[in-house]
Amino acid sequence: MALYAKVDRGVVRNVVDSDSPPGSPWVACPATVGRGWTNDGSTFAAPIPIAAYSLTQREFIQRFTAAEREALENKAQTGTQGVKDKIAAFKTYIQTGGRIELNDDYIIAVVMQMESAGVIAAGRAAEILAP
């Protein structure tokens, strides 16, 4: 008997123990593989736990350096009205939504805009948004 994973669009949907391969899209897999794992055609990878994407407001803000937080506050005080409005909307969003989801499209877009605007250094958006 061997284990086989049903892979759909790169994600393991089911695992069965069988004497022979059930056919496509089933592929042989190690005993550690389970639902939610990913497969790129040759390698299986464990899923990143959902909790890794979810931060408290404080945990999220702590991902920014003191200098970055100060630069954001400076933009909130001295930026154009459009910039001030965007920063106010961002602050409201993170204060009223409970936990911050790092895979939230709005959070991703705003952090990327911060990098583009020079509020955070090049490459920092990826670091801040990493699980």
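Which residues do ring pairs link into a cluster?

**View A. The aromatic cluster of the predicted model.** Ring pairs join Phe60, Phe64 and Phe90 into a cluster. A search of the whole structure, which is a predicted model, finds three aromatic pairs.

**View B. Helix H3 and its length.** Helix H3 is formed by residues 66-78, a run of 13 residues. At 1.5 Å a residue, a span of 18 Å is expected for H3, and the C-alpha atoms at its two ends are indeed 18 Å apart, so the expected and modelled values agree.

**View C. The buried and exposed sides of helix H3.** Glu68, Leu72 and Ala76 are the buried residues shown here in H3. These residues lie on the same side of H3, because the arc that they cover around the axis is only 85°. The face turned away from this buried side carries Ala67, Glu70, Gln77 and Thr78, which are exposed. Among the elements that cover the buried residues of H3 are helix H4 (81-96), helix H5 (105-116) and helix H6 (124-129).

**View D. A salt bridge between helices H3 and H6.** Side chains of opposite charge can pair when their charged atoms come close. Here arginine 124 and glutamate 68 form a salt bridge, with 2.7 Å between the closest N and O atoms. The pair connects distant parts of the chain, since arginine 124 belongs to helix H6 and glutamate 68 to helix H3, 56 residues apart. Both of these residues, arginine 124 and glutamate 68, are buried. For arginine 124 the relative accessible area is 14%, which is under the 20% limit and therefore counts as buried.

**View E. A salt bridge within helix H6.** Arginine 124 also forms a salt bridge with glutamate 127, and the closest N and O atoms of this pair are 2.8 Å apart. Because glutamate 127 and arginine 124 are three residues apart in helix H6, about one helical turn separates them.

**View F. The salt bridge of arginine 13 and aspartate 8.** The side chains of arginine 13 and aspartate 8 meet in a salt bridge, at 3.7 Å from N to O. Arginine 13 counts as partly exposed because its relative accessibility is 38%. Aspartate 8, with a relative accessible area of 32%, is likewise partly exposed. In total, the structure holds five salt bridges.

Terms used
Residues are numbered from 1 along each chain as its sequence is written. This is a predicted model: local features need pLDDT of at least 70, side-chain atom pairs count only at pLDDT 80 or more; totals for chains, interfaces and linings use all residues. Side-chain values use heavy atoms; hydrogens and water are left out. Rings of Phe, Tyr and Trp (its six-membered ring) pair if their centres lie within 6.5 Å; planes under 30 degrees apart count as stacked, over 60 as edge-to-face and the rest as tilted. Helices (H or I, at least four residues) and strands (E, at least two) are DSSP runs, numbered from the N terminus. The expected span of a helix is 1.5 Å times one less than its number of residues. Buried means under 20% relative accessible area, exposed over 50%, partly exposed in between (1.4 Å probe, protein chains only). The arc is that of the directions from the helix axis to the C-beta atoms. Contact means heavy atoms within 4.5 Å. A salt bridge is a side-chain nitrogen of Lys or Arg within 4 Å of a carboxyl oxygen of Asp or Glu.
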